[in-house]
Structure formats: C-alpha cells, structure tokens
Amino acid sequence: MQLSDERASAILHVINRIPFGRLSTYGTIAAAAGFPGNARLVGKVLKRLPEDSTLPWFRVINAQGKISFPETSPNYHRQITALTSENHPFKLGKKHLANKMWP
DNA sequence: CTCCTGACTCCAC
DNA sequence: TGTGGAGCCAGGA
C-alpha cells in the first residue's frame with residue numbers, strides 16, 4: 001500500500017479526465033475524487049508522479065488561479081510551458097479563468 | 001502517541 | 001491587492 005491505494009487512483013483518475021483546454025484546482029479534484037477537504041492529498045499524489053507520466057498534471061492549479069510552485073522552480077516553468085502550448089497563453093483574468101475551470 | 005510538514009483553502013485585516 | 005494565520009488531513013520521524 002505505497003500511498004493510500006484507492007485514494008491515489010481515484011485522484012489520478014479525476015485528473016486524467018480533465019478535458020483539453022480546461023483547468024482545475026486541488027480542492028475541486030479532491031472533492032471530485034470523493035475526498036473533500038483533502039486538497040493537500042492531491043498535491044502529495046502529484047508529487048510522487050513519475051516524470052514520464054502522461055497525466056495532465058499541469059492542468060491542476062491552486063484555488064487562487066496560480067501555479068503552486070515558486071517561480072524559481074523548474075517545475076513552474078514546465079507547467080507554464082505545458083499550459084501555454086496545450087491550452088492557451090497563461091494570462092488569465094478572473095472571469096476568463098472561471099470559464100476555463102473544470103467541472 | 002505527539003510533532004512537524006506540505007504541488008492547499010478560507011477568511012480577516 | 002497582499003499578508004497572515006487558523007483549519008485541514010494524510011504521512012513520516
């Protein structure tokens with residue numbers, strides 16, 4: 001049971017079905033996976049994600065509409081790049097952001 | 001069992 | 001608009 005078995009897969013499954021061009025937050029995903037209040041758990045699952053994973057982890061942002069990495073982190077730039085190339089320019093206004101949200 | 005940490009969130013200032 | 005602090009829950013030491 002490396003990482004709370006069911007929970008991890010449930011969370012991964014939810015993330016995996018975030019449609020192209022959409023974004024979601026940790027809290028939303030946690031709730032959608034059946035674990036409301038466990039936003040941090042989502043982060044934990046993603047953290048242990050292999051680099052070669054095809055999971056759209058980059059579509060996951062925090063509730064403030066921002067990336068949960070410090071700008072100094074390489075991961076921050078990876079996510080920016082992925083979002084920019086697969087979704088759209090990453091300069092979302094609040095309203096625009098709401099539109100991109102999933103569910 | 002307790003204490004600390006974290007890819008989080010909310011609500012006051 | 002920004003900060004700070006409390007709340008939260010699973011894991012590891």
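Residue I61 is placed in strand β2 (residues 60-61), where helices (H or I, at least four residues) and strands (E, at least two) are DSSP runs numbered from the N terminus. I61 is buried, its relative accessible area being 0%; buried denotes under 20% relative accessible area, exposed over 50%, and partly exposed the range in between, with a 1.4 Å probe and protein chains only. The C-alpha atom of I61 is separated by 10 Å from that of I29, the two residues being 32 apart along the chain.

The structure is a predicted model, in which local features need pLDDT of at least 70 and side-chain atom pairs count only at pLDDT 80 or more, whereas totals for chains, interfaces and linings use all residues. Residues are numbered from 1 along each chain as its sequence is written, chains are lettered from A and ligands numbered from 1 in the order in which they are written, and side-chain values use heavy atoms, with hydrogens and water left out.

Chain A contains five helices and two strands, arranged along the sequence in the pattern α-β-α-α-β-α-α. Chain A has a radius of gyration of 13 Å, close to the 13 Å that the globule rule gives for 103 residues, so it is as compact as a globular protein of that length; the radius is taken over C-alpha atoms, and the rule is 2.2 Å times the number of residues to the power 0.38. The C-alpha trace spans about 40 × 25 × 20 Å along its principal axes. Of the 103 residues of chain A, 38% count as buried.

Two loop residues show contrasting accessibility. N62, in the loop between β2 and α4, counts as buried at 13% relative accessibility. A polar atom of the N62 side chain lies 2.9 Å from the backbone nitrogen of K66; a polar contact is a pair of N or O atoms within 3.5 Å, and within protein one must be able to donate a hydrogen and the other to accept it, residues adjacent in sequence counting only if both atoms are side-chain atoms. P36, in the loop between α2 and α3, is exposed, with a relative accessible area of 62%. P36 and G93 are 57 residues apart in sequence, and their C-alpha atoms are 27 Å apart in space. In the segment after α5 (94-100) is found P103, and the peptide bond from W102 to P103 is cis, with omega near 0°.

DNA strand B has 13 residues around it, of which Y26, R40, W57, N62 and A63 come nearest; a residue is near a molecule or strand if one of its heavy atoms lies within 4 Å of it. Helix α3 gives the most to this surface, with five residues, and α2 (26-32) and α3 each supply at least two. The surface near DNA strand B comprises six nonpolar, five polar and two charged residues, where Ala, Val, Leu, Ile, Met, Phe, Trp, Tyr, Cys and Pro count as nonpolar, Asp, Glu, Lys and Arg as charged, and the others, Gly among them, as polar. Sugar or phosphate accounts for 41% of the atoms of DNA strand B within 4 Å of the protein, and bases for the rest. A side-chain N or O atom of R40 is 2.4 Å from a base nitrogen of DNA strand B. Phosphate oxygens of this strand lie 3.1 Å from a backbone N or O atom of G27 and 3.2 Å from a polar side-chain atom of K47.

The surroundings of DNA strand C consist of S4, R7, N38, R40 and K44. Of the atoms of DNA strand C that come within 4 Å of the protein, 75% belong to sugar and phosphate. By class, the surface near this strand has no nonpolar, two polar and three charged residues. Polar side-chain atoms of N38 and K44 lie 3.3 Å and 2.9 Å, respectively, from a sugar or linking oxygen of DNA strand C.

The largest pocket holds about 420 Å³ of space. On a 1 Å grid over the protein atoms alone, a pocket is an open set of points where a 1.4 Å probe fits, with protein on both sides within 12 Å along at least five of seven lines, and lining residues have an atom within 4 Å of a point. Grid points are joined across faces, edges and corners, and the volume is the space filled by probe spheres set on the points. The lining of the largest pocket comprises 15 residues, of which L46, L49, W57, F69 and N75 lie nearest its centre. Helices α3 (39-47) and α4 (74-86) are the elements that give two or more residues to this lining. Seven of the lining residues are nonpolar, five polar and three charged.
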